[in-house]
Amino acid sequence: MDRKANELMAKTINIAFEQRHVIERAKQNDRLAQKQLYDAYAPTLLSICRLYIKDEHFAQDILVKAFFKILTHLHVYEEKQHFFAWMRKIIVNECIDFQRSKIQKVTYSEWDDSLDSLDELSSNHQFEEEYIQSFIDELPVGCRLVFNLYVFEDYDHKHISNELGISVGTSKSQLAYAKKLLKEKLNKKTIHNGKSSEKKYKRNF
């Protein structure tokens with residue numbers, strides 16, 4: 001193993017050791033350690049909240065509530081678990097609970113189950129993260145929940161159906177519907193960008 005590889009391994013071990021040390025201190029209600037965890041993970045966890053919650057103020061409220069739950073449940077966290085994955089699950093569950101509390105019953109749009117075989121969204125579309133977030137925000141609540149759980153949390157349809165209290169068929173149809181809507185938005189944005197570039201190009205002459 002060369003020198004750079006050894007240095008990288010040593011750095012990785014040090015980071016892991018420091019994280020464990022901070023977590024252990026946070027378990028003992030060390031306020032500084034708890035703040036260190038919040039400062040380190042809050043921005044990324046907020047971006048996860050925003051996948052599910054359109055309103056940023058609500059997303060921030062959920063982050064605070066979820067992080068409080070994280071801190072008060074550190075005693076059940078086991079080192080064999082990936083710490084970020086453990087936190088992410090708590091965040092996602094809080095987002096789902098929030099959606100359930102805001103609307104008595106999430107409306108799942110009608111869509112033909114046979115369209116579940118829609119092609120994956122084209123990888124040729126290249127947009128900044130803010131555009132992708134805005135597209136997801138515009139999805140109906142029902143299919144947005146299914147899409148996020150399937151794509152970002154890697155849940156299968158059976159898991160999604162259990163989480164949301166819907167049938168596997170409904171989960172599949174909502175995923176297909178979400179893909180269709182996103183594909184349409186991506187294509188429209190691509191066409192719009194192409195026209196804008198063409199106009200700009202012509203004005204240069």
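A polar contact here is a pair of N or O atoms within 3.5 Å, where one partner must be able to donate a hydrogen and the other to accept it. Arg50 supplies a neat example in this predicted model: a polar atom of the Arg50 side chain sits 2.9 Å from the backbone oxygen of Lys54. Arg50 belongs to helix α2, which covers residues 31–52. Despite its charged side chain, Arg50 has a relative accessibility of 14% and so falls in the buried class, for which the cut-off is under 20%. Once neighbours within four places in sequence are set aside, the residues touching Arg50 are Glu56, Ala59, Gln133 and Asp137.

Stepping back to the whole chain, the secondary structure is quickly told. The chain has eight helices and zero strands, and reading along the sequence gives the pattern α-α-α-α-α-α-α-α. There are 205 residues, and 36% of them count as buried. Contacts between residues at least 6 apart in sequence were also sorted by separation, and 71% of these join residues at least 24 apart. As for the outside, the accessible surface of the chain is about 13300 Å², with carbon and sulfur atoms accounting for 53% of it.

Aromatic rings come next. Eight aromatic pairs turn up when the whole structure is searched. In one of them, Tyr77 and Phe83 have ring centres 5.0 Å apart and planes at 75 degrees; planes over 60 degrees apart count as edge-to-face, so that is the label for this pair. Tyr77 also pairs with Trp86, this time in a tilted arrangement, with 5.3 Å from centre to centre and 50 degrees between the planes. Both members of the edge-to-face pair, Tyr77 and Phe83, are buried, and Trp86 is buried as well. These rings do not stand alone: ring pairs join Tyr41, Tyr77, Phe83, Phe84 and Trp86 into a cluster.

Helix α6 (residues 141–151) gives a view of both cover and exposure. Eight of the eleven residues in α6 are buried, so "mostly covered" is a fair description of this helix. The buried set runs through Gly142, Cys143, Arg144, Leu145, Val146, Phe147, Asn148 and Leu149. Tyr150, also in α6, is partly exposed, with a relative accessible area of 32%. Together with Val151 and Phe152, Tyr150 makes up a nonpolar patch on the surface, and the three share about 230 Å² of accessible area.

Then there are the charges. Side chains of opposite charge can pair when their charged atoms come close. The count of salt bridges comes to ten. One of these brings together the side chains of Glu94 and Lys65, at 3.8 Å from N to O. Glu94 lies in helix α4 (residues 83–102) and Lys65 in helix α3 (residues 56–72), so this bridge ties together parts of the chain that are 29 residues apart in sequence. The two partners sit in contrasting surroundings: Glu94 is buried, with a relative accessible area of 5%, whereas Lys65 counts as exposed at 54%. Lys69 joins in too, as Lys65, Lys69 and Glu94 are linked in a network of salt bridges.

A second bridge pairs the side chains of Lys185 and Glu138, with 2.8 Å from N to O. This pair also links distant parts of the chain, with Lys185 in helix α8 (residues 168–203) and Glu138 in the loop between α5 (129–137) and α6, 47 residues apart. Both ends are partly exposed: Lys185 has a relative accessible area of 23%, and Glu138 has one of 48%.

A further bridge involves Lys80 and Glu78, whose closest N and O atoms are 3.5 Å apart. Lys80 is exposed, at a relative accessible area of 76%, while Glu78 counts as partly exposed at 40%.

Definitions and conventions: Residues numbered from 1 in each chain as written. Predicted model: local features only at pLDDT ≥ 70, side-chain atom pairs only at ≥ 80, totals over all residues. Heavy atoms only, no water. Phe/Tyr/Trp six-rings, centres within 6.5 Å; stacked < 30°, edge-to-face > 60°. Buried < 20%, exposed > 50% of the residue type's maximum accessible area, 1.4 Å probe, protein only. Helix = DSSP H or I, 4+ residues; strand = E, 2+ residues; numbered from the N terminus. Contact = heavy atoms within 4.5 Å. Areas by Shrake-Rupley, 256 points an atom, 1.4 Å probe, with all protein chains shown as cover. Patch = residues over 30% accessible without salt bridge, like charges linked within 9 Å, V, L, I, M, F, W, Y side chains within 5 Å. Salt bridge = Lys/Arg side-chain N within 4 Å of Asp/Glu carboxyl O.
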